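Colleague: Got a minute to walk me through this model? I'd like to go through contacts, cavities and strands in turn.

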Amino acid sequence: MRLVYLDNNATTAVAPEVLTAMLPYFGDLYGNPSSMHSFGGQVMEAVDKAREQLAELLHCEADEIVFTASGSEADNTAFWSALQAQPEKRHIISTRVEHPAVLNVCQYWEREGYHVTYLGVDEKCRLDLDEYREALSDDTALISIMFANNEVGNIFPIQTLAEMAHERGIVFHTDAVQAVGKIPIDLRHLPVDMLSLSGHKIHAPKGIGALYVRKGTRFRAFVRGGHQEKGRRAGTENVPYIVGLGMAAQLSREFMQMERVDVALLRDKLENGLLESIRDSRVNGDLENRLPNTSNISFKNVEGEAILLMLDRLGIAASSGSACTSGSLEPSHVLRAMGVPFNYAHGSIRLSLSRYTTDDDIDYVLREFPGVIETLRAISPFKD
């Protein structure tokens with residue numbers, strides 16, 4: 001059966017070039033990079049090269065990169081470091097639309113006695129800068145706001161938010177898992193203190209991530225043990241995956257323009273085609289300021305899970321904007337924060353493309369998708 005993969009915000013295919021770069025480190029080049037002998041030294045050279053490749057993508061210094069096992073670990077490390085380095089401060093600022101990798105961390109620290117301000121968003125998932133400004137205080141230890149939203153694709157004004165934080169001497173972290181590799185990020189001019197990323201969102205394998213830590217930022221290790229990563233993250237380096245992340249970063253630089261232009265054109269073709277062929281449909285988010293590969297569309301009076309099941313039978317992989325929780329359907333926390341009407345929020349689908357998405361893929365989806373909605377509406381218990 002044909003597969004059209006439109007769930008790239010969940011994970012991406014490992015690029016062939018990435019796999020090729022990784023393979024030697026599963027075989028002949030198996031040395032421990034921390035060893036004193038030359039056999040391990042040549043492996044450390046590969047780790048150093050990967051760090052340089054990632055630094056070139058982010059426009060930062062190589063020694064500002066700390067490799068982790070995931071974006072979630074990078075987020076947790078950022079929180080731990082900022083809070084442990086400032087034990088006298090007990091306030092955190094984040095948003096209501098963060099990924100669970102940040103939201104659940106905020107909730108953990110709330111249980112530990114911290115006060116967390118969750119900023120709201122408007123109907124287009126945009127932040128209110130006045131609300132943000134009012135939330136800043138001398139007790140604020142950390143601000144963690146995502147670079148781009150994983151569900152609707154909104155790009156947040158990180159430059160402005162970080163500058164406002166620094167005016168008050170507050171540490172600023174951004175979860176950039178969805179943004180890295182898709183849009184330019186220049187850390188020479190973007191005043192964030194820490195930035196998280198994940199390899200499997202940019203065609204590297206699952207199980208590798210990184211945390212950028214700006215020079216001069218007070219840092220406390222989250223994973224303790226050996227001296228790896230200059231004492232910032234213990235554990236023998238996962239060399240094949242680090243090499244893979246480095247190659248993926250290099251490819252991201254090469255394909256950045258394609259991601260921003262060609263992939264966006266395919267997304268618009270898909271989005272416009274669905275809106276034109278399916279009544280009572282709407283796009284969620286800020287259409288003027290979003291990732292080039294992401295479209296979140298709601299279809300009135302249809303359940304998102306039912307759409308996914310029927311698409312899956314057609315070989316189309318996508319994500320729903322709602323999730324089944326405790327036996328009852330709850331719209332996503334992002335769409336609820338945006339105030340998307342209930343009868344639309346339940347029928348929300350996220351379609352996320354990559355550089356491997358083709359015109360033929362989009363044509364196939366546009367042929368098949370309207371029939372899915374027509375069938376489901378005919379049997380839907382929801383009525384106008």
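**Salt bridges, spaces and strands**

Modeller: Asp 280 is partly exposed, with a relative accessible area of 29%. Keep in mind that this is a predicted model.

Colleague: What does Asp 280 form a salt bridge with?

Modeller: Its partner is Arg 279, and the closest N and O atoms are 3.0 Å apart. Arg 279 counts as exposed, at 55% relative accessibility.

Colleague: Which residues do salt bridges with shared partners join into one network?

Modeller: Arg 267, Asp 268, Glu 271 and Arg 290 are joined that way.

Colleague: How many salt bridges does the count come to?

Modeller: The count is 17 salt bridges. One of them is between the side chains of Asp 7 and Arg 350, at 3.1 Å from N to O. That pair links distant parts of the chain, 343 residues apart. Asp 7 is in the loop between strand E1 (4-5) and helix H1 (16-22), while Arg 350 is in strand E15 (residues 348-352).

Colleague: Arg 350, buried or exposed?

Modeller: Arg 350 counts as buried, at 9% relative accessibility. Asp 7 also has a low enough value to count as buried, because 13% falls under the 20% cut-off.

Colleague: And Lys 215, which residue does its side chain meet in a salt bridge?

Modeller: Asp 63, with 3.8 Å from N to O. Lys 215 lies in the loop between strand E8 (209-213) and helix H7 (239-260), and Asp 63 in the loop between helix H2 (38-58) and strand E2 (65-68), so the bridge ties together parts that are 152 residues apart in sequence.

Colleague: How do Lys 215 and Asp 63 rate for accessibility, buried or exposed?

Modeller: Lys 215 is exposed, with a relative accessible area of 54%. Asp 63 counts as partly exposed, at 32%.

Colleague: Switching to empty space. How many cavities of 30 Å³ or more does the count come to?

Modeller: The count is 1 cavity. The volume of the largest cavity is about 90 Å³, and 14 residues line it. Closest to its centre are Lys 182, Lys 201, Ile 202, His 203 and Glu 259.

Colleague: How does the lining of the largest cavity break down by class?

Modeller: The lining has 3 nonpolar, 7 polar and 4 charged residues.

Colleague: And what about the second largest pocket, how many residues line it?

Modeller: It is lined by 15 residues, around a space of about 160 Å³. Nearest its centre are His 99, Ala 101, Asp 175, Val 177 and Lys 201. Lys 201 is also listed among the residues closest to the centre of the largest cavity.

Colleague: Which element gives the most to the lining of that second largest pocket?

Modeller: Helix H3 (residues 71-85), with 3 residues. By class, the lining of the second largest pocket divides into 4 nonpolar, 8 polar and 3 charged.

Colleague: Backbone next. Which residue has a positive phi near 65 degrees, without being glycine?

Modeller: Cys 125. It sits in the loop between strand E4 (115-119) and helix H5 (129-135), and it is buried, with a relative accessible area of 0%. Lys 230 also has a positive phi, near 55 degrees. Lys 230 is in the loop between E8 and H7, and is exposed, with a relative accessible area of 64%.

Colleague: Back to E8 itself. Why is E8 largely enclosed by the rest of the structure?

Modeller: Because 5 of the 5 residues of E8 are buried. Both faces are covered: Gly 209, Leu 211 and Val 213 are buried on one side, and Ala 210 and Tyr 212 on the other.

Colleague: What joins E8 to E2 and to strand E7?

Modeller: E2 and E8 run antiparallel and are joined by 4 bridges. For strand E7 (residues 194-198) and E8, also antiparallel, there are 5 bridges. Gly 209 in E8 is the bridge partner of Thr 68, and Ser 198 stands opposite Gly 209 too.

Colleague: Last one. In what order do the strands of the 4-strand open sheet come?

Modeller: The order is E9-E10-E15-E12, with antiparallel pairing. Strand E9 (281-283) and strand E12 (319-320) stand at the edges, each with a single partner strand, so one side of each has no neighbour in the sheet. E12 pairs with E15 over 2 bridges, and Ser 320 stands opposite Ile 349 in E15.

Technical notes:
Residues are numbered from 1 along each chain as its sequence is written. This is a predicted model: local features need pLDDT of at least 70, side-chain atom pairs count only at pLDDT 80 or more; totals for chains, interfaces and linings use all residues. Side-chain values use heavy atoms; hydrogens and water are left out. A salt bridge is a side-chain nitrogen of Lys or Arg within 4 Å of a carboxyl oxygen of Asp or Glu. Buried means under 20% relative accessible area, exposed over 50%, partly exposed in between (1.4 Å probe, protein chains only). On a 1 Å grid over the protein atoms alone, a cavity is a set of points where a 1.4 Å probe fits but cannot get out, and a pocket is an open set with protein on both sides within 12 Å along at least five of seven lines; lining residues have an atom within 4 Å of a point. Grid points are joined across faces, edges and corners, and a volume is the space filled by probe spheres set on the points. Ala, Val, Leu, Ile, Met, Phe, Trp, Tyr, Cys and Pro count as nonpolar, Asp, Glu, Lys and Arg as charged, and the others, Gly among them, as polar. Two strands pair if DSSP finds at least two bridges between them.
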